[in-house]
Amino acid sequence: MFRDEDFVPVEYKIFFEENIDNEVWFGREVSTDIEEGNPNPNGCQKISKVSTTLRNILDSIEWIEPSVISIGPYHYGRDYLQEGQKLKSLCAQMFIDESNQQMELLYHTVEKEIEELTNRYEHWVRSQYSTKKLTTMLLLDGCFLLYVIYCFCDSKEGGFNSWKFTNHQMACIKQDLFLLENQLPFRVLYLLYRNAQFSGMSMEDMIEEFVITNIPMPRGISGILRTDTPCHLLHFLQGAFLGRLETTTSQQQTQLRRERKSFRKGQERPNWGTYKNVQQLMAAGIRFKPSKSNYLTDISFTSYFGITGCLRLPPITINTSTLITFLNLIAFESSDTTNHLGVISYLCFLDSLIDHWDDVKELQSARVLHNFVGDQREVAQFFNHVCGKLVPNPVTYRDVQQQIEAHVERYYRSKTRIWLSQCRYTYFGSPWSIIALIGAVLGLFLTAVQAYTSVFSDSTKR
């Protein structure tokens, strides 16, 4: 009666017959011609699918669809994900056993809130799947997800290493867990881990550590200010980037809508003038340095008497995984009109600095961008092609933009400042130019001393 019945403990068989949807739990049979591992070419908002507008920006769907593991209803049942579906049932059973919980209790706990939980998805989910199938789906995916996090953070002997996954497969699984269309309501995770009995770290701390390790920052981050419960893991990841979870009160929602409306009308949009990219700002005496922290909100500008300036940006690593993460955060922030658009605003700010590949080169030299994509032109194309079509929060970084604009205007109004700045970067722009200047000055000094001593000695002889 059961497929893979060897994996079902004897005490659970009657319960499985009456409650569990076997197709969801074990995965349905698929044709053998599918190659293993080959992917297809609080007031919490709903977990939406990626909008058509964003899908049209890119030709590839690799950043939207999971490659190994499906979580939730949006990609459930895909043929190429069935091997992962069978893996989930093993992990889910291990989580239940190792957390000393009973499957019946967990199932009925999720079932009691299934209507509220499934309302977090698009409306067609409720009509397409039965309550039994949806309850089984959330139970299975939640237990699997928590066991992945537990194995990752606990570093227990065995775990995923005993299944002999390659680093590439593990990276793909981890990446799948942060796709917008592959999210579970955080409430599901809470219902499943609140009575879990693990030694060592709490499950909340394990989840935070797991999320933080997905942040592509060279120095990492210290933690997240947890002022509220996240909607799902991707929302948690957004909070890790920004240093806080972004939630919005009704008053803030009204203000945010007003600001966006004025932004669309062009009333409060910062004026960058004609000096905006890295090359042009450097020509105005501005240099770039890494911020003290890695949070995307830590952007600051300091002007030194209108002669030079320093723009500090959080250092970030750019690779293929980073780009996919950013694209899903863009989709998440774009799916809700009450979102503060913290990540989108940061990317738009960087887009305003990057016009050409040589802008990327300068940011790399300043240790602000750590480029592992390879070609600097690809990084510039990402910002110009994708981020150039986004609409940021108009008030984010507005003070910094106004300070830069004021510095640039002040700089070009004074020829003296231009001359001093040019002298500074011509003769003091690098250690070699400083050494050359010191050598030239020392040479002139020694020549003057030699001339003086020769003249003085001749006059003494007379």
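Which strand does C310 lie in? I looked that up before anything else, bearing in mind that this is a predicted model.

**Entry: C310**

C310 sits in strand β3, which runs over residues 308–313. I checked its exposure next: C310 is buried, with a relative accessible area of 7%. Then I asked what it touches. Not counting residues up to four places away in sequence, I get R287, K289, S300, F301, T302 and Y304. I also looked up a pair that is far apart along the chain. C310 and I404 are 94 residues apart in sequence, and their C-alpha atoms are separated by 9.4 Å.

**Entry: cysteines**

With C310 on the page, I went on to disulfides. A disulfide is a covalent bond between the sulfur atoms of two cysteines. My count for this model is 0. C91 is in no disulfide, and its nearest cysteine sulfur belongs to C151, 6.8 Å away. The cut-off is 2.5 Å between sulfurs, so the C91 sulfur doesn't qualify at 6.8 Å. C153 is in no disulfide either; the nearest cysteine sulfur is again that of C151, here 9.8 Å away.

Are these two cysteines buried or exposed? C91 is buried, with a relative accessible area of 0%. C153 is buried as well, at 11%.

**Entry: helix α8**

I checked the length of helix α8, residues 131–154. At 1.5 Å a residue, its 24 residues should span 34 Å, and the end C-alpha atoms are 34 Å apart, so the two agree. On exposure, α8 is mostly covered, with 20 of its 24 residues buried.

**Entry: S89**

S89 is in helix α4, residues 82–98. It is buried, with a relative accessible area of 5%. I left aside neighbours within four places in sequence and found S89 in contact with W25, F26 and L140.

**Entry: E116**

I wanted a residue with some exposure too. E116 is in helix α6, residues 114–118, and it is partly exposed, with a relative accessible area of 44%. Its C-alpha is 9.9 Å from that of R187, which is 71 residues away along the chain.

**Entry: helix α15**

Helix α15 covers residues 320–334. Its 15 residues reach 21 Å from first C-alpha to last, close to the 21 Å expected at 1.5 Å a residue. At the start of α15, a side-chain oxygen of N319 comes to within 3.1 Å of the backbone nitrogen of S321.

Why do I call α15 largely enclosed by the rest of the structure? Because 12 of its 15 residues are buried. I wrote down the buried stretch: T322, L323, I324, T325, F326, L327, N328, L329, I330, A331, F332 and E333. Then I looked up what covers them. The cover includes α3 (52–57), α9 (167–176), α12 (233–242), strand β4 (316–318), α16 (342–353) and α18 (376–385).

**Entry: largest cavity**

Last, I looked for enclosed space. Rolling a probe the size of a water molecule over the atoms shows where empty space is left. The largest cavity has a volume of about 40 Å³. Which residues line it? I listed L54, I57, L58, W63, L327, I330 and V386. Helices α3 and α15 each supply at least two residues of that lining. That takes me back to the α15 entry, where L327 and I330 are among the buried residues and α3 is part of the cover.

Methods:
Residues are numbered from 1 along each chain as its sequence is written. This is a predicted model: local features need pLDDT of at least 70, side-chain atom pairs count only at pLDDT 80 or more; totals for chains, interfaces and linings use all residues. Side-chain values use heavy atoms; hydrogens and water are left out. Helices (H or I, at least four residues) and strands (E, at least two) are DSSP runs, numbered from the N terminus. Buried means under 20% relative accessible area, exposed over 50%, partly exposed in between (1.4 Å probe, protein chains only). Contact means heavy atoms within 4.5 Å. The expected span of a helix is 1.5 Å times one less than its number of residues. A polar contact is a pair of N or O atoms within 3.5 Å; within protein, one must be able to donate a hydrogen and the other to accept it, and residues adjacent in sequence count only if both atoms are side-chain atoms. On a 1 Å grid over the protein atoms alone, a cavity is a set of points where a 1.4 Å probe fits but cannot get out, and a pocket is an open set with protein on both sides within 12 Å along at least five of seven lines; lining residues have an atom within 4 Å of a point. Grid points are joined across faces, edges and corners, and a volume is the space filled by probe spheres set on the points.
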